[in-house]
Amino acid sequence: YYQYVRTRKYILKKNLAFVCFDIEYCKKIGKKFADFLDMLFVDIQEMLEYNMINDAMKQNVGEEYYNKKERATIKEISGYDNALVTVDGSIFIRGNNHKLLAENCTVVYLKITQKMFEKSNKVSSISTRPTFAFDVENKLCKQLSDLTIDILEKEQDFEIIKNSLSKFLCV
């Protein structure tokens, strides 16, 4: 079982969390990896939307209540067994969300380039951050994650991620 495999300084936990600033790509590679590892796939943004925790809710009930509901949902998802969770980088670094995920998830930051960030920022309804924020958020995600993997958003990424995790997952 995965939780007993040691990483550099961490024990691999019962779940994996993929964090990325191109959430659509993260979901695509996350689903593929979840199938490969026979894990449940969960996207945090989709679960938040399903629970109607969205911008409309924030406008109606205020940011404090919204953040409370967001944290509760993330904590619940983090408690799943054998799940691969995907999360947008901005959600991951907001408040103490990273701590909630880290309780039961080995957090893997799928690091994209500035150019890929700018491209995803134009097409994603989630990623609406200014490009100057990329450097700050990128640095935070690297610091708060157990493992950082540089990705190219190309076909070989699956193998890159698989090889990077193979030391820990015996895949």
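Guide: Welcome! Helices and strands here are DSSP runs, at least four residues long for a helix and at least two for a strand, numbered from the N terminus. The model before us is predicted. In these terms, methionine 39 sits in the loop between α1 (23–37) and β2 (40–43).

Visitor: How do you know whether methionine 39 is buried or exposed?

Guide: Buried means under 20% relative accessible area. Methionine 39 has 9% relative accessibility, so this residue counts as buried. Leaving out residues up to four places away in sequence, methionine 39 touches Lys14, Asn15, Leu16, Ala34, Asn82, Ala83 and Leu84.

Visitor: Let's turn to the aromatic rings. What makes the pair of phenylalanine 33 and phenylalanine 36 edge-to-face?

Guide: Two values decide that. Ring centres must lie within 6.5 Å to pair, and planes over 60 degrees apart count as edge-to-face. Here the centres are 5.8 Å apart and the planes stand at 65°, so the pair is edge-to-face. Phenylalanine 33 and phenylalanine 36 are 3 residues apart in helix α1, which means a separation of about one helical turn.

Visitor: Why does phenylalanine 36 count as partly exposed?

Guide: Partly exposed lies between the 20% and 50% limits. With 37% relative accessibility, phenylalanine 36 therefore counts as partly exposed, whereas phenylalanine 33, at 0%, is buried.

Visitor: And why is the pair of phenylalanine 33 and phenylalanine 158 called tilted?

Guide: Stacked planes are under 30 degrees apart and edge-to-face ones over 60, with the rest counted as tilted. The planes of phenylalanine 33 and phenylalanine 158 are at 50°, with ring centres 5.1 Å apart, so this pair is tilted. Phenylalanine 33 lies in helix α1 and phenylalanine 158 in helix α9 (residues 157–169), so the pair ties together parts that are 125 residues apart in sequence. Phe18, Phe33, Phe36 and Phe158 form one aromatic cluster, and lysine 32 lies over the face of phenylalanine 158, at 4.8 Å from the ring centre.

Visitor: Which residues of α4 are buried, and how do you know that they line one face of the helix?

Guide: The buried residues of α4 are Tyr66, Asn67, Glu70, Thr73, Ile74, Ile77 and Ser78. Looking down the axis of α4, these residues fall within an arc of 135°, so they line one face. The face turned away from the buried side carries the exposed residues Glu64, Lys68 and Glu76. Two of the buried residues, Ile74 and Ile77, are among the contacts of isoleucine 44.

Terms used:
Residues are numbered from 1 along each chain as its sequence is written. This is a predicted model: local features need pLDDT of at least 70, side-chain atom pairs count only at pLDDT 80 or more; totals for chains, interfaces and linings use all residues. Side-chain values use heavy atoms; hydrogens and water are left out. Buried means under 20% relative accessible area, exposed over 50%, partly exposed in between (1.4 Å probe, protein chains only). The arc is that of the directions from the helix axis to the C-beta atoms. Contact means heavy atoms within 4.5 Å. Rings of Phe, Tyr and Trp (its six-membered ring) pair if their centres lie within 6.5 Å; planes under 30 degrees apart count as stacked, over 60 as edge-to-face and the rest as tilted. A charge sits over a ring if NZ of Lys or CZ of Arg is within 6 Å of the ring centre and within 35 degrees of the ring normal.
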